[in-house]
Every structure is written in C-alpha cells, then in structure tokens.
Amino acid sequence: LSAGEARSRLKWADGKTIKNEVDLQVLHLLGPKTEADLEKKPKAAKARPAPVEKQKAAVVENGEVGTETRSLLEQLRGEALKFHKPGENYKTEGYVVTPNTMALLKQHLAITGGQVRTRFPPEPNGILHIGHAKAINFNFGYAKANGGVCFLRYDDTNPEKEEEKYFTAIREMVEWLGYQPYAVTHASDYFDQLYTWALELIRRGQAYVCHQKIEEIKGHNPPPSPWRDPPVEESLLLFEDMRKGKFGEGEATLRMKLVMEDGKMDPVAYRVKFTPHHRTGDKWCIYPTYDYTHCLCDSIEHITHSLCTKEFQARRSSYFWLCNALDVYCPVQWEYGRLNLLYTVVSKRKIIRLVETGAVRDWDDPRLFTLTALRRRGFPPEAINNFCARVGVTVAQATMEPHLLEACAREVLNEQAPRAMAVLEPLKVTITNFPAPKALEVLVPNFPADESRGFHKVPFQPTVYIEETDFREEADKGYKRLAPGQPVGLRHAGYIIAIQNVIKDASGHVIELEVTCTKSDVAEKPKAFIHWVSEPLACEVRLYERLFLHKNPEDPSEVPGGFLSDLNPDSLRVVCNALVDSSVLSARPFDKFQFERLGYFSVDPDSREGKMVFNRTVTLKEDPGKA
C-alpha cells in the first residue's frame, strides 16, 4: 500500500503522519543491506541506513508518529525538558512552598553543590523488564546529561516477596545497560530514621493508629476511620505496641491525615508484618509503605529530580505533603509515560504463571521481554538503549511493536557481530573433482563490508554441507539457487559448483549431491551464492517467534480465555543437528554472530563442551507478516 493509496483510503488522517509512518515501515521491512546483497551487485553499493537513533521514531500512542529522534543525552538535558534547576524546586508548578522551604533548599545546595541527583528505585521482588529499561535510561541518562549522579536504591519494604537473586539481577542489568550507580542504597538503610519521623508525624497530629481492616479502607470511598482523632499520647503508645508486636497482622496500621489527588483518604504509612527482613532480620515487625517511604528516602539522599511513571501522579500531593509536614527537604516529583510492548506480558504475577505452567523455562526465557531474557536472546544493550531513545521522553504512554526493538538490534548487530556460516538443515555435497589433495583454507572476512576488521579461516574440503532448501530438483521460474543445470557459487570459497549426480534414499528423499567445481574467475557468473560449511561443529539452534498470538494478550476483548490461552504453539523451534563453521569454537556465552543469510545468533549459556547452543536473536530482515 503506497502513501498515496493510504491517504485516499484514510481521508480523515493527517497526510504528513501517514508519510512518516510509511517511510518508517519501509525502513523496517527492508532493513540494512546484507553481504548477499553486496555480492550480487558489487557495483551498486548504496549508502547504509542512518543509525537507528537518528531514524524517525514511531511513538504509537494514539497512532501518532514522532519527529526525528535526537540522541538520548540531547533529549535529557535540563533545558530540553524544562525541568527545574537544582535548588529552584519552588519554580515548579504545583510545588508547595512553606515558611521553611528556602532555608531547606539552601541547606540542600550546601550538601549537593548544585549537583543533579536522581535515583532508580526498583522493588527487589522480580526481574527487570523492557519498561524498566526506559526508567533506567531516563534516571541515569538525565543525571549523566546534566553532570549529575544517580543512585540505585532498592525499595525493600516488603520482606515477604524479596529475594537475594532479585537484588543481584537488578544491579547486573543496570550495569549491563552501561550505567554505574553513584551509590547502591536500600530503603531499609533508613528504617531507624523513618521510624523516628513517624513518631514526629504523630506528635504533630498528622498520623494516627487505625484498627480498620485492610478490606475496609480499600478503594476511594472507604468509611471514615473512627480512630482518626485520638489523643497524641494514645497514638504514640499504640504505635509503640505495633513495633513491639502486640498487634497481629492486619489489626493495626499507622495512617497519615491527608486526601490524595485521586481521592484516596489517609493512606497507610506502616503495617504489621511478622516476616524477617533479608537485611534487618527480626529487628522490625512493622514496615513502611511506598507512600511513606519513597519521598522521605528521596529527601535523605537529596534527590533533585524524582522521576516516576505517570501512574504515580496521584501520589504527588502526598509526596509534597509528607516532606512539608515533617519540615524536611522536599524534592520535585516529575512524571513520564510508561513504555509498553505489544505481544507480551511483563507483570511479575503473569510471568510467574508462565513459568509455573511450563510455558517458558524461567525469567530469562528468550521469548520474554525481561532484560535477562533479552540478554540471553542476544539483544545488545546498545540496541535497548537506542530503542528507549527512539521512544523518547514523553508524558503520554508509548506502546510499541516488538519489530521496532528488533530493528534497533539489527542496526547494532550489523556493526558488532562478526560473520560466520552455519547450516540449519544440512544436505551433504561431495565435490568429485576437488582441486587439491587435501583440505584448503579459505579466508572469510569478519565484516565483508569492511575487510580492515580482520578475517578468520575456515576449512574447505571435498565434503561440504549446504542448506537443504538451497537445492531443488526442478528450478521454478525465479529460483536462483542450486538445481540440475543451474550452478551456484560457494560464498568466499572462489568456486562454483554444478550438479553431477543426485543421490536419494529408499523413500526418494535426497540425501547427498555429487557436484563438480570450477574456479569462479573462469566460469560464468552464477545467479546466486550460497553459504556452506566443511569440517563443521555440531550445534543446537533455537529459533524463536512471538510468545503470544494477539497484540494484547491481557485484553479480554481480544483474548476472552485469558493470556495463557493465547500462547503461540510455534514460539520455539529447536534445531538439534545444525552445523556451524569451526571459527566459532572459542566463543563464550552471549557472544554474537551473524550467520550469513540466516540471521543474528547468540551463544546460549546452555552450551557445553562438544555441543554449542545458539539462540536466534533476529532474522536479517523483518518478516513483513509481523510488521
């Protein structure tokens, strides 16, 4: 469908928007040129596509296509975002100024020296996903772009769901994306101070102990608490009883006296939990909530810009209220739009269900969009960062197609992944007039478009293996590969092979070809060049497709049976007896290659001596059926 046809059918749509979208889709459909393209038409070299981060971004919220995407650092400089300067919090619309504000800001500047400070505050109860990548890039990137620092702070206030493996994996993924935290902190580092401030909040008449059940105070219109206005001394004693474990779980909470922007009244500050904490052990049986902890930890660390996703906008008023109620430094909370991806689920609960039902192996199954899964599949961190840059810093939620992330991966891998040859469905080929008494060595460029980046050697002997699909007994119109009467070139070898004899098994299946070879410089140029292997290594190759069949597997209008009913039965195909050339023998887990004519592949951690395992990251070009 051309842009003109699209405009005629979509008369209500903006023409410029349609043109931008068509241009973008053509780019992703065709992708960057491959070495095969270059070999077929050596004189028709064309300029490579612009780097991904400079291509037009498709921010598909409400179907809108964004403008030319600037680099992430350009987008995140303070003047570009119109954020306040450190110490000028009071200039932000909606910021609450109290008689103590200016003195507190002066103290803050004395401590920070006017430095930008941000934080990335994940809960250590699950693995980070693609949406977190935007948060990491925004928080760390904004600090870097403005000469500041970013804290990695674990919001470890829910001991029931926290595990050490999540702490480790979160930091590992932050560093994998290329960021180093200024400091690694925990909300639990400040439990003593938070408790002291809770006592002060009660003394100021701004908090009270409530005995309503959690079920009673859920929602936006719960009945008022009959315990809202007790004497301060009574609330202090009750809160002390909570700390000493004299109330059971759910029997008492500490609540703050305020109405939030969404109408929620008196949010909970502390609740009783008789669960040992991974860092503080049995010291506490009361734990602070997010609404209480978050802004106060930001204050303690003198964060200048508290960057949160849009759903936390309803908590902004409580953020300002609590800092001011205690007369402590108050940072500024800024909200931005979440990053969502189609054809996937990212909630911890749903991923756990996928693991429990055997639909995926674990959190790092390459069909998921957790960061550990993307790393295992072979996505370079630069591609994920470029993808986040293309999405941009938007207030509106961005819902993206997976093929846009895949396009970013192709762009990076085209520059980073050395070439190798592999055969997924091997067909044995015997060269009957092999030109040497023993195996030859063929020099293969690691990057054919730039031979200055080196070569590797592969053996070439009378027995080679080609893809079964590169041979047909009868050549249809348009078919250019090997067939009787239709020779092909062997990539990089300098030889052209022609069919001499076709050998079949008892069932009529072709099991071997006998061919003759001719030097390519004396033979007529063939219609095609194909890849091959000789003296290869056996390997396993895992080919991945989308895990879900529908764009929104969690949407009951699209998938009435629930997300587990939407699983794609063909999301994983394992090729057990693939062959790869010996140049990859020393590769380690997560090393990446372009298997010529097949796609980009990464070494899986399941690899062992004698049997390498490769994951297909992406194909060389986008499948038009997925776009």
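Helices (H or I, at least four residues) and strands (E, at least two) are taken here as DSSP runs, numbered from the N terminus. The structure is a predicted model, in which local features need pLDDT of at least 70 and side-chain atom pairs count only at pLDDT 80 or more, while totals for chains, interfaces and linings use all residues. Residues are numbered from 1 along each chain as its sequence is written, and side-chain values use heavy atoms, with hydrogens and water left out.

A convenient place to begin is the loop between β5 (253-256) and β6 (268-272), where Asp-266 is found. Asp-266 has a positive phi of about 50° although it is not a glycine. For context, most residues other than glycine have a negative phi. Asp-266 counts as buried because its relative accessibility is 3%, where buried means under 20% relative accessible area, exposed over 50%, and partly exposed in between (1.4 Å probe, protein chains only). A second residue other than glycine with a positive phi is Tyr-343, at a value near 65°. Tyr-343 belongs to the loop between β10 (339-341) and α14 (348-356), and with 12% relative accessibility Tyr-343 is likewise classed as buried.

The ring of Tyr-343 also takes part in a contact with a charge: the charged end of Arg-546 sits over this ring, 4.0 Å from its centre. The criterion is that NZ of Lys or CZ of Arg is within 6 Å of the ring centre and within 35 degrees of the ring normal. Another such arrangement involves Arg-453, which lies over the face of Phe-447 at 3.6 Å from the ring centre.

Arg-546 reappears in the account of internal space. The structure holds 10 cavities of 30 Å³ or more, and the largest has a volume of about 110 Å³. Among the 13 residues that line this largest cavity, those closest to its centre are Phe-369, Arg-377, Glu-406, Glu-545 and Arg-546. On a 1 Å grid over the protein atoms alone, a cavity is a set of points where a 1.4 Å probe fits but cannot get out, and lining residues have an atom within 4 Å of a point. Grid points are joined across faces, edges and corners, and a volume is the space filled by probe spheres set on the points. Helix α17 (residues 402-416) gives the largest share of the lining of the largest cavity, 3 residues.

Helix α17 also contains Arg-410, which is buried, with a relative accessible area of 3%. Setting aside residues up to four places away in sequence, Arg-410 touches Tyr-600, Val-618, Thr-619, Leu-620, Lys-621 and Glu-622, contact being defined as heavy atoms within 4.5 Å. Cys-388, in helix α16 (residues 381-391), is buried too, at 4% relative accessible area. With the neighbours up to four places away again left out, Cys-388 touches Ala-133, Lys-134 and Asn-137. Cys-388 and Ala-135 are 253 residues apart in sequence, yet 9.1 Å apart in space, C-alpha to C-alpha.

Turning to the aromatic residues, the structure holds 23 aromatic pairs. One of them, Tyr-195 with Phe-239, is stacked, at 5.2 Å centre to centre and 25° between the planes. Tyr-195 lies in helix α9 (residues 191-203) and Phe-239 in helix α11 (residues 232-243), so this pair ties together parts that are 44 residues apart in sequence. Rings of Phe, Tyr and Trp (its six-membered ring) pair if their centres lie within 6.5 Å; planes under 30 degrees apart count as stacked, over 60 as edge-to-face and the rest as tilted. Both Tyr-195 and Phe-239 are buried, and they join Phe-191, Tyr-270, Trp-284, Tyr-287 and Tyr-292 in one aromatic cluster.

Finally, an open sheet of 6 strands follows the order β17-β14-β20-β19-β18-β21, with mixed pairing. Its edge strands, β17 (463-467) and β21 (529-530), each pair on one side only. Two strands pair if DSSP finds at least two bridges between them. Strands β18 (residues 488-490) and β19 (residues 495-504) run antiparallel and are joined by 3 bridges; Gly-489 stands opposite Ile-496 in β19, and Val-488 opposite Ile-497. These two strands form a hairpin with 4 residues between them, and His-492 in the turn has a positive phi of about 70°. β19 pairs in turn with β20 (residues 510-519), in the antiparallel sense over 9 bridges, with Val-515 in β20 as the bridge partner of Ile-499. The hairpin of β19 and β20 has 5 residues between the strands, and Gly-508 in this turn has a positive phi of about 90°.

Terms used: On a 1 Å grid over the protein atoms alone, a cavity is a set of points where a 1.4 Å probe fits but cannot get out, and a pocket is an open set with protein on both sides within 12 Å along at least five of seven lines; lining residues have an atom within 4 Å of a point.
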